[in-house]
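Here is a friendly walk through one protein model, with the sequence and coordinates alongside. Please keep the 3D view open as you read.

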Amino acid sequence: MTSDTASLISFIDGQHERQTAFLRELVRVPSDNPPGDCAPIARRAAALLGELGLQVEAYEVPQELVQGNGMKSAVNLIVRHRFGPGGPVIALNAHGDVVPPGEGWQRDPYGGQIEQDPRHGPVMYGRGVAVSKSDFATYTWALLALMQAQQAGAALCGSVELHFTFDEEVGGEIGPRWLLDQGYSRPDYALSAGFGYAITSAHNGCLHVEVSIQGRQAHAAMPETGADALEAATHVLQALYAFRAELAGRRSATPGIGAPTLNVGLIQGGINTNVVPDRVSFRIDRRMIPEEAGHDAEGELRRIVDGAIAQRPGCAATVRRIMLAQPLTRLPGAERLIEPLRRHAEAIMGAEIPVHGVPLYTDARHYTQRGIPTVLYGAGPRTLVEAGGHNADENLRLEDLRKATQVVALTLADLLDAGG
């Protein structure tokens, strides 16, 4: 172990209690999305970062964009530190909005309660503690460790930026994408909030659409005088489910990702029991594997719906896009992030660290869509399931927070090494 490595690890170890307190303060600020009133958590995060001596830039998103995104308020934060001339600009992105707690909690979702686990040591509980308020703390203390190392004489060049955003749960359109679109940041590489020990280099995309079937109401005693929208919707759904079976045969070559999927998760319609339904709508979730990047999944669905509804005279169908998130694909240059992350993680975690894909989608795609090599890595256990992400009693082992911070700090030191 070099003296620089030992110094970084020692600093992070010595700051662990302060880092834990920082995370607990973030967990204690509700930031459910929906409803998406996320300015309060952004203000609290900015204040906490300021108390650490960091200069925080706050970018309030125009209200019309916020409302168009289905939210009430949003402020994005950037912290920048320039270590020296030349070198890469590396963005570290995590999101502070969370899914609502839901039922089944045994602890206060906003308490930041810490309990001693006999196997894993101290564990913090709370909504967002794993996804992804933890990586506000991971990335902040990795930056602080590098700043301390520079003060001690380490030769570093390039810049680190913290991108803390608050709309990931509804797509990230007014968070990372907006920051990049507005030109507030132009990083060379990006590291996005992770879920555990593995390095994520790819993930699925997601398309949400609403299909509306229009028929004609009639008295149930004379159904032949109407056009049954529910019957037509059933026919369309049969075509979609046949397509779902076809999708199961398209397998991804990326470890951790299986086949594309299609799910109908919401359906509503009808007027009353004794009335032929005149309108039925349902919503589709279509997950795209990385190999489908750029594929017109929406057009494919429209063709299936149009073909099926054409067989039901008197009824019509419309398809409305709700959300489109493209898959995350591994770009050339991503190995510059993967190699040091993997090397340091294996040394610190004492375990083999896989590089894989995940079937969900994240804000990381907004960076790769602009040609910025991006991977996901951050605090967490071996799997997201273990952390209870998006589940009751979401939790984080504080030892994993400490170790992930060390991995990120050492990786950044490698990337910014002026003598490397």
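Which residues lie nearest the centre of the largest pocket? In this predicted model, they are Glu168, Glu169, Gly171, Met323 and Tyr361, and the lining as a whole counts 37 residues. The space in this pocket comes to about 840 Å³.

Which elements give two or more residues to that lining? They are the strands β3 (89-95), β11 (261-269), β13 (279-288) and β14 (316-325). By residue type, the lining of the largest pocket splits into 15 nonpolar, 13 polar and nine charged residues. Both domain 1 (3-203 + 327-416) and domain 2 (205-325) take part, each supplying at least three residues to the lining.

Now turn to a small sheet. Strands β4, β5 and β17 form an open, antiparallel sheet of three strands, in the order β4-β5-β17. β4 (113-117) and β17 (395-397) are the edge strands; each has a single partner, so one side of each is left without a neighbour in the sheet. From one strand to the next, the twist averages 30°. As a reminder, strands of a sheet pair through backbone hydrogen bonds, either parallel or antiparallel.

How many bridges join β5 to β17? There are three, linking β17 to β5 (residues 121-125) in an antiparallel run. To find one of the partnered residues on screen, look at Met124, whose bridge partner in β17 is Leu396. Helix α2 (residues 16-27) lies across β4, β5 and β17, and runs at about 25° to β5.

A few backbone details deserve a look too. Most residues other than glycine have a negative phi, and most peptide bonds are trans. Two cis peptide bonds that depart from this pattern are set out below.

| Cis peptide bond | Omega |
|---|---|
| Pro34 and Pro35 | about 10° |
| Val131 and Ser132 | about -10° |

Where do these bonds sit along the chain? Pro35 has its place in the loop between α2 and α3 (39-51), so to speak just past the helix that lies across the three strands. Ser132 is found in the loop between β5 and α5 (133-151).Another backbone detail belongs to Asp393, which is not a glycine yet has a positive phi of about 55°. Asp393 lies in the loop between α11 (384-387) and β17, and β17 is one of the edge strands of the sheet described above.

Methods: Residues are numbered from 1 along each chain as its sequence is written. This is a predicted model: local features need pLDDT of at least 70, side-chain atom pairs count only at pLDDT 80 or more; totals for chains, interfaces and linings use all residues. Side-chain values use heavy atoms; hydrogens and water are left out. Two strands pair if DSSP finds at least two bridges between them. Helices (H or I, at least four residues) and strands (E, at least two) are DSSP runs, numbered from the N terminus. Axes are lines fitted to C-alpha atoms, for helices over the stretch in contact, and angles run from 0 to 180 degrees between N-to-C directions. Contact means heavy atoms within 4.5 Å. On a 1 Å grid over the protein atoms alone, a cavity is a set of points where a 1.4 Å probe fits but cannot get out, and a pocket is an open set with protein on both sides within 12 Å along at least five of seven lines; lining residues have an atom within 4 Å of a point. Grid points are joined across faces, edges and corners, and a volume is the space filled by probe spheres set on the points. Ala, Val, Leu, Ile, Met, Phe, Trp, Tyr, Cys and Pro count as nonpolar, Asp, Glu, Lys and Arg as charged, and the others, Gly among them, as polar. Domain bounds come from an automatic or database domain assignment.
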